[in-house]
Amino acid sequence: METEVLIVGAGPAGAAASALLSTYGIANVVINKYPSVSNTPRAHITNQRGVEVFRDLGLEGEVVKNATPQHLMGEHVYGTSLAGRELGRLRTWYTHPHFKAEHDLASPSAVCDLPQHILEPILLNAAAARGSSVRFNTELLTFTQDDDGVTAVVKDRLTGGRHEIRAKYLIGADGGNSTVVEQLGLPLVGKMGLGGSINVVFEADLSRFAEHRPGDMYWFIQPGVGHDGNGIGVLRMVRPWTRWIGVWGYDVAAGEPSLTEADGVRIAHQLIGDDTVPVKVESISTWAVNDVYATDNMKGRVFCVGDAVHRHSPMNGLGSNTSMQDSYNLCWKLMMVLRGQAAPSLLDSYREERLPVAKQIVQRAKKSDGLMPHLFMALQLPPASDAQALRDALDALDAPTPEATERRRAFDAALHATIMCFNTHGVETNQHYTSGAIVSDGTPDQAAPRDEEIYYFATSRPGRHLPHVWVTRDQHRVSTFDLCGRGRFTLLTGINGAAWRDAAELVSKRFGVPLRVHSIGRGCDYEDSYGDYQTMSEVGEDGVLLIRPDHMVAWRAASATEDPEATLAEVMAEILGR
Ligand code: FDA
């Protein structure tokens, strides 16, 4: 069997790669060693940059139809159990009115809650419909590479037979126990198996506890494993308000527990705080928290994406999103190299661009994990406290005494500090690049005016994400994002930018690379009806933004140059390595 790209793994990273390559017209085979897509919900949070990948693929409608929307995600209640005492609340996922505006201004797409077992089929169905060969029960055993391609030996797990797949490139999207990373010998930093968690997926109608305070996670302080024997259990909504995951810890040092259905019911009831609620357990599984990133993500013709090269806790919901974005970064580059439009050196920018992101998100998730134990410290709970000790500590919070005032202050501060486990809009939206596929405009770097982990920094500086603004055509509004992407470079210019249009036509012919051009302004292809593009573009009416297929600003010019064709040709040659 021969193909252009072999993708190992059909999780969010591999399924996204397969959907993108098929959409770009690149032949690909995706293999998954298991018989189906993820059979448990796992990742849920699909952030704006994640949804934008679906939007570019024409699949955002499917996401919106199948996901729980933002307004049902944001009330994170802290308490003793779902039916028990409330200790405080956070407004997460940008549902606080202040943050809602920041969120809405950053993107045409909204964060949503899309369980992984629903997300994966959306991508894989599109991939298959657009030409990908999707093969389940097929396991990568080994591979070798030479100057022209990669030869993989795979096992058909139904028949036990082995065969070879020859591809020009291989993408290792094979998750946290990646065979591809191991066989490539990519260096990993950090530790696996730091903390153990039990996931109980169950059905129960919890509407009467959740409907009036809708959130996707409810957090409960209870005696148990965690920080010195004090635990935090979570009820994680899968479908409002009837399907849930109960998350509870186990001691990794004691080994993986063997759990029965009765244990699942017990854990669910303990988190609900009412054992009269009917609970139907669907599955019980265990997982471990990791804190690992690779310091290289490619070798020769093999590239690794997703959890294969960054493994971390679910805090901040960065896992599946970053995994899909790795593929979004890589696939247009593979397409252009395979079509002979770019030199193979363009592929080196995958390393330069995504390695810093992998490190950043792993470190962010670890920092977030570290915020939870402060709740126990503030309560001054003794190690391994029992139910009575916990009740006493919580009762102590209510006392009208100076000592209790201090405790209240410390506890409330610890609770509100955990907002950084959820609201890191900047971490999600500010990923930016310095690489051979970004050309400087010669202006000095500009510091973000606000905390870059929390707030989105909208700028059209090369290496940053194209800012979203609404523009209009025939009275209908579209996002600047909708003018770009879909596997092509785009030039956005203004009313006086005709010279860039002419230049684009000539450069496109010379390089054999499609260059789409849109003008924005009064009487242009798109009207800047709200006047936002003029401000956000940071270039004049005769200036230009060059946008990569992944919506990143590749280069910009504040105004017309003496010879726009020569300028643009030079920029494209640098990016494409030609
Ligand atoms: P993933 O592990 O999903 O997929 C790997 C694929 O490779 C699978 O299809 C597997 O079968 C296949 N494979 C492996 N070895 C193979 C071989 N040798 N041959 C062929 N196929 C092979 N993230 C997030 O963003 N938000 C969230 O809310 C959460 N929540 C969450 C909860 C829990 C309990 C867990 C365990 C994880 C999360 N995550 C998360 C993390 C998220 O699930 C994770 O980051 C993504 O699944 C990673 O996607 P990948 O595609 O990289 O790997």
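Me: What makes the pair formed by an oxygen atom of the ligand and the side chain of aspartate 307 a polar contact?

Reply: The ligand oxygen is 2.8 Å from an N or O atom in the side chain of aspartate 307. A polar contact is a pair of N or O atoms within 3.5 Å; within protein, one must be able to donate a hydrogen and the other to accept it, and residues adjacent in sequence count only if both atoms are side-chain atoms. So the pair qualifies. This is a predicted model, where local features need pLDDT of at least 70, side-chain atom pairs count only at pLDDT 80 or more, and totals for chains, interfaces and linings use all residues. Residues are numbered from 1 along each chain as its sequence is written, and side-chain values use heavy atoms, with hydrogens and water left out.

Me: Which distances link ligand oxygen to asparagine 32 and alanine 13?

Reply: For asparagine 32, an N or O atom of the side chain is 2.4 Å from a ligand oxygen. For alanine 13, a polar backbone atom is 2.9 Å from one.

Me: How much of the ligand's accessible area does the protein cover?

Reply: On its own the ligand has 1000 Å² of accessible area, and the protein covers 89% of that. The areas come from the Shrake-Rupley method with a 1.4 Å probe; for residues, only the protein chains shown count as cover.

Me: Which element gives the most to the shell around the ligand?

Reply: α9 does, with four residues. By class, the shell has 13 nonpolar, 15 polar and five charged residues.

Me: Why is helix α2 called mostly covered?

Reply: Buried means under 20% relative accessible area, exposed over 50%, partly exposed in between (1.4 Å probe, protein chains only). Eight of the nine residues of α2 (48-56) are buried. Among them are Arg49, Val51 and Phe54.

Me: What caps the N-terminal end of α2?

Reply: Asparagine 47 does. A side-chain oxygen of asparagine 47 lies 3.1 Å from the backbone nitrogen of arginine 49. After α2 comes glycine 58, with a positive phi near 75 degrees.

Me: What makes a set of residues a nonpolar core, and how many residues has the largest?

Reply: A core is a set of buried Ala, Val, Leu, Ile, Met, Phe, Trp, Tyr and Cys residues joined through side-chain atoms within 4.5 Å. The largest has 74 residues. Leu123 and Phe489 are among those with the most contacts inside it. α9 supplies the largest share of this core, 10 residues.

Me: Why does this core lie between domain 1 and domain 3?

Reply: Both domains give residues to it, so it lies between them.

Technical notes:
Helices (H or I, at least four residues) and strands (E, at least two) are DSSP runs, numbered from the N terminus. Ala, Val, Leu, Ile, Met, Phe, Trp, Tyr, Cys and Pro count as nonpolar, Asp, Glu, Lys and Arg as charged, and the others, Gly among them, as polar. Domain bounds come from an automatic or database domain assignment.
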